[in-house]
Amino acid sequence: MIRHRVVALLGIASGLDYAAQVVVPILLVRVLSAHDFGGYRLLWLAAQTCALVLSLSIAPLLVSQVSQQPPNRKGALFGNAFAYLACTAVLVALMLSPLTPFAQRLFAGGPINPWLLPLFSALWLVSLPFDQVGLACNRPRDQALLTLGLAVLRVISVVAAALAWRSLAGVGAALILVAGIRVVVALIYASRRSHLDGGRGLVLDGELARQQLRGGLGFGSSFALNGVRLQADGWVAALRFDPVAVATLGIAQAAAPLTSILRMAFTNTALPVIAADVAAGRIEAAIAVNRHANLMVAALLFPMTGMLFALADPLLTFVFTARFGAAVLPFRIYCVGLLAAALESTTLIIAIGAAAFSFRQGVILAPLAAAACYWGASAIGDPTLGLSGIAIGAVVVGYIFELWNLVYVKRALGLSWKGFQAWTALGGLLLVNLGATLFTLWIIPTVPTAWPTLLRLIAGGAAFVTAALVLGVGSPRVRQVYIDMLGVAPGTRGVIPS
């Protein structure tokens with residue numbers, strides 16, 4: 001089963017890394033102009049899209065591939081990954097070079113320095129193994145420490161650059177420094193662990209490279225398509241409106257990284273267990289791990305999302321200033337979409353090797369997401385409401401993705417809906433937090449507007465927590481979920497309400 005301490009450790013590290021990702025935009029939105037802040041969001045959007053499309057998930061796949069090889073071949077897996085990413089980084093640099101018509105058209109008149117984009121995107125692509133190198137070596141504590149160290153460095157360097165230069169060029173130079181350090185640290189760590197395990201360090205192996213590329217062309221291309229689906233809304237905002245709209249949409253998506261980190265803390269721990277159970281024919285055990293992980297995610301995600309939804313207005317004003325008040329409505333729409341993370345079944349799809357299904361799904365949903373977001377933006381000409389249309393399109397396609405996965409896994413494994421997920425407990429958690437959200441929305445207007453924004457947030461948060469506690473204590477199944485998570489009652493640890 002899932003090791004709770006490992007999940008907690010990775011969760012803390014990832015949470016602090018998320019905090020670093022939040023702190024930086026909070027400062028930048030106060031230091032940079034709205035146009036430059038939009039350029040900062042565009043910079044990340046381009047780098048992440050290049051990483052998704054060209055990396056073929058070579059770095060994340062190391063977590064499962066390294067565990068399947070003897071110790072003396074680990075270095076070859078890492079060496080192949082770095083070599084592939086370096087080659088694709090050259091392609092990225094050329095493609096985004098200001099000498100190409102594509103880059104000239106995409107960022108014509110924009111706030112981004114023409115050479116900043118290709119250099120940062122290329123370095124970020126090569127640095128991708130940093131996020132999995134410790135996990136791939138089965139050393140989650142090392143991964144947590146690496147994540148924490150780079151989070152601190154990222155905050156210090158970017159904040160210092162922003163305060164010193166107050167321009168996107170200075171911030172971009174700091175990001176290039178961080179990406180370069182990620183590359184160096186990942187190379188050193190992978191090389192050192194490969195030598196300690198009896199290998200020859202980072203070497204190239206043609207046979208393993210073919211296996212890695214097959215995995216990448218399978219699930220990797222599927223992940224790339226799904227990643228493009230998730231970023232379709234950002235590109236639609238960039239093409240349909242202006243950099244300020246991109247910045248506003250980025251603020252509306254501020255809670256998404258927190259959900260991803262929460263989800264991945266459980267997924268990274270559950271995936272090896274599920275893969276081993278499926279390989280050994282223990283299908284029911286694999287389903288139980290997925291069901292348990294989803295329930296734990298829901299127990300944390302639902303109250304977090306409900307509170308964010310209810311307190312969106314004062315929260316965004318307090319964190320990002322009133323200048324981006326147009327982000328409140330799309331922020332709430334995205335919060336509704338975040339609930340779908342509690343229905344995750346991608347780990348099961350990976351474990352049963354349904355790469356062809358994932359690829360077909362990506363081929364269908366990526367253009368569907370782009371079309372839905374573009375239609376949502378175009379149906380309402382006003383940029384403010386158009387961003388809400390983009391958010392609705394993205395959320396609808398996100399739910400289609402999760403429900404489609406559930407249906408496929410159910411049919412592929414011959415499961416019944418009843419035991420597939422802890423539906424009753426999930427429904428109880430949803431209703432409890434829905435009630436707390438509605439109660440908070442009713443309370444917030446009664447708080448005097450003369451109060452400082454922070455006091456309004458505290459009052460709203462207290463209302464939500466009080467309502468959630470009262471409703472949760474009154475629901476035996478919801479109460480049992482948290483008792484099981486905390487392990488405070490004898491014989492309850494690992495028990496999953498159905």
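**Exercise 1. Place Leu 27 in the predicted model.**
Task: Find which helix holds Leu 27, and which residues it touches beyond its neighbours within four places in sequence.

Solution.
- Start with the secondary structure. Leu 27 sits in helix H1, which covers residues 4-31.
- Set aside the neighbours within four places in sequence. Leu 27 then contacts Val 159, Ala 162 and Leu 163. Contact here requires heavy atoms within 4.5 Å.
- Now take Ala 81. Leu 27 and Ala 81 are 54 residues apart in sequence. Their C-alpha atoms lie 35 Å apart in space.

**Exercise 2. Describe the fold.**
Task: State how many helices and strands the protein has, and what share of contacts is long in sequence.

Solution.
- Count the elements. The protein has 22 helices and 0 strands.
- Take the contacts with a separation of 6 or more. Of these, 80% join residues 24 or more positions apart.

**Exercise 3. Check the radius of gyration.**
Task: Compare the radius of gyration of the protein with that of a compact globule of 498 residues.

Solution.
- A compact globule with 498 residues would come out near 23 Å.
- The protein has 23 Å, so the two values agree.
- Add the extents. The C-alpha trace spans about 65 × 60 × 40 Å along its principal axes.

**Exercise 4. Split core, surface and charge.**
Task: Give the buried share, the accessible surface and the charged side chains of the protein.

Solution.
- Apply the cut-off: buried means under 20% relative accessible area. Buried residues make up 54% of the 498.
- Turn to the surface. The accessible area is about 21,200 Å². Carbon and sulfur atoms supply 69% of that area.
- Finish with charge. There are 32 positive and 16 negative side chains. The centres of these two sets are 4 Å apart.

Notes
Residues numbered from 1 in each chain as written. Predicted model: local features only at pLDDT ≥ 70, side-chain atom pairs only at ≥ 80, totals over all residues. Heavy atoms only, no water. Helix = DSSP H or I, 4+ residues; strand = E, 2+ residues; numbered from the N terminus. Rg over C-alpha atoms; globule rule 2.2 N^0.38 Å. Buried < 20%, exposed > 50% of the residue type's maximum accessible area, 1.4 Å probe, protein only. Areas by Shrake-Rupley, 256 points an atom, 1.4 Å probe, with all protein chains shown as cover. Lys, Arg positive; Asp, Glu negative; His and termini not counted. Charge placed at Lys NZ, Arg CZ, Asp CG, Glu CD.
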